[in-house]
Amino acid sequence: MINNPVFGPLLAEGKTKQIYAYPDDDSLAYMVNKDQITAGDGARRNELVGKSRWSTITTANIFRFLNEENIATHLVEQINDVTLLVYRCKMLPIEQVMRRIATGSYLKRHPEVSEGTRFDPVLVETFLKDDARHDPQIWQEDIVQMGLATPQEIEWMAGQGRRVFKTLERAWASADVTLVDLKIEFGRDTNDHLLVADVIDNDSWRLWPGGDKTRMLDKQVYRNLKEVTPQDLESIADRYALVADLTGKLLPR
Ligand SMILES: Nc1ncnc2c1ncn2[C@@H]1O[C@H](COP(=O)(O)OP(=O)(O)OP(=O)(O)O)[C@@H](O)[C@H]1O
Ligand SMILES: [Mg+2]
């Protein structure tokens, strides 16, 4: 690991990470994670010391694993505790969600469906990234009309999302953890190839050890809090650390 990379200009900054240009090679970029946890489209936010490191470890482990399974991600390599070297992408302003088990926002949109209903095949949904409009759901026609992707690319991304989900579902099952659902983002690299980009970290999924919702390990614990106390943040930090550690031990197949 290189400890002090030389950054080019800041290209993008959001709630949880910064993207810096890579000097001398426009096809690459540095992704630097922050110690920030947020929910409700940024309405709730807290500093969570250590989160940048756990997020970096988790994303690096998961993307390395996917790359080995021939699912192309933007990960090149981990640089230090909080920094990944990635392929520089033009990001699609959409979030693709894969669901195995009905819970959360799905139930609000489909009140006729009861919690725990199993989707087989895995359900794929798409949302427009627009915090002000609370990330509305969109459909293939909308994506095409906005000029974001072709129908063929949209089909391909849905298939790729299912592959990502099933690969990680199997891996988590080896640790007796149920992968309930998962959010990913795609970007186009400088050769116009679609890659799984951004992060897959403990903010990206629901993880239920032994299939038991009450034992959840992911960011939902933070979303569910009425108010955030320092003790809450400590127990959330413990979960992020545990998940980062477990992702280093997941087995293929
Ligand atoms: N490989 C990449 N190349 C270029 N930009 C990237 C890459 N991966 C992620 N990004 C971008 O990094 C930026 C910062 O991410 P962050 O998640 O902090 O934003 P955010 O505040 O959550 O906003 P958003 O709702 O867009 O995710 C985002 O604009 C994201 O699209
Ligand atoms: Mg984001």
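## Exercises on a predicted model

β6 and β7 run antiparallel as a pair, joined over four bridges. Here strands (E, at least two residues) and helices (H or I, at least four) are DSSP runs numbered from the N terminus, and two strands pair if DSSP finds at least two bridges between them. The model is predicted, so local features need pLDDT of at least 70 and side-chain atom pairs count only at pLDDT 80 or more, while totals for chains, interfaces and linings use all residues. Residues are numbered from 1 along each chain as its sequence is written, chains are lettered from A and ligands numbered from 1 in the order in which they are written, and side-chain values use heavy atoms, without hydrogens and water.

**Exercise 1. Find how many residues lie between β6 and β7, then place both strands in their sheet.**

Step 1. The two strands form a hairpin, with two residues between them. Asn-80 stands opposite Thr-83 in β7.

Step 2. Now look along the open sheet: five antiparallel strands follow the order β1-β2-β3-β7-β6. β1 (10-13) and β6 (75-80) are at the edges with a single partner strand each, so one side of each has no neighbour in the sheet.

Step 3. On the other side of the hairpin, β7 (residues 83-87) pairs with β3 (residues 28-33) over five bridges, again antiparallel. Leu-85 in β7 is the bridge partner of Tyr-30.

**Exercise 2. Describe the surroundings of Lys-15.**

Step 1. Start in the loop between β1 and β2 (17-21), where Lys-15 sits.

Step 2. Its relative accessibility is 30%, so Lys-15 counts as partly exposed (buried is under 20%, exposed over 50%, with a 1.4 Å probe and protein chains only).

Step 3. Setting aside neighbours within four places in sequence, its contacts (heavy atoms within 4.5 Å) are Lys-34, Gln-36, Thr-38, Gly-42, Arg-45 and Asp-131. Gly-42 is 27 residues away in sequence, yet the C-alpha to C-alpha distance is 7.4 Å.

**Exercise 3. Work out which elements line the second largest pocket.**

Step 1. A pocket is an open set of points on a 1 Å grid over the protein atoms alone, where a 1.4 Å probe fits, with protein on both sides within 12 Å along at least five of seven lines; lining residues have an atom within 4 Å of a point.

Step 2. Of the 15 lining residues, Val-124, Glu-125, Thr-126, Ile-154 and Ala-158 lie nearest the centre.

Step 3. At least two residues each come from β9 (94-101), β10 (118-128), β11 (137-138), α3 (140-145) and α4 (151-173). With five residues, α4 gives the most.
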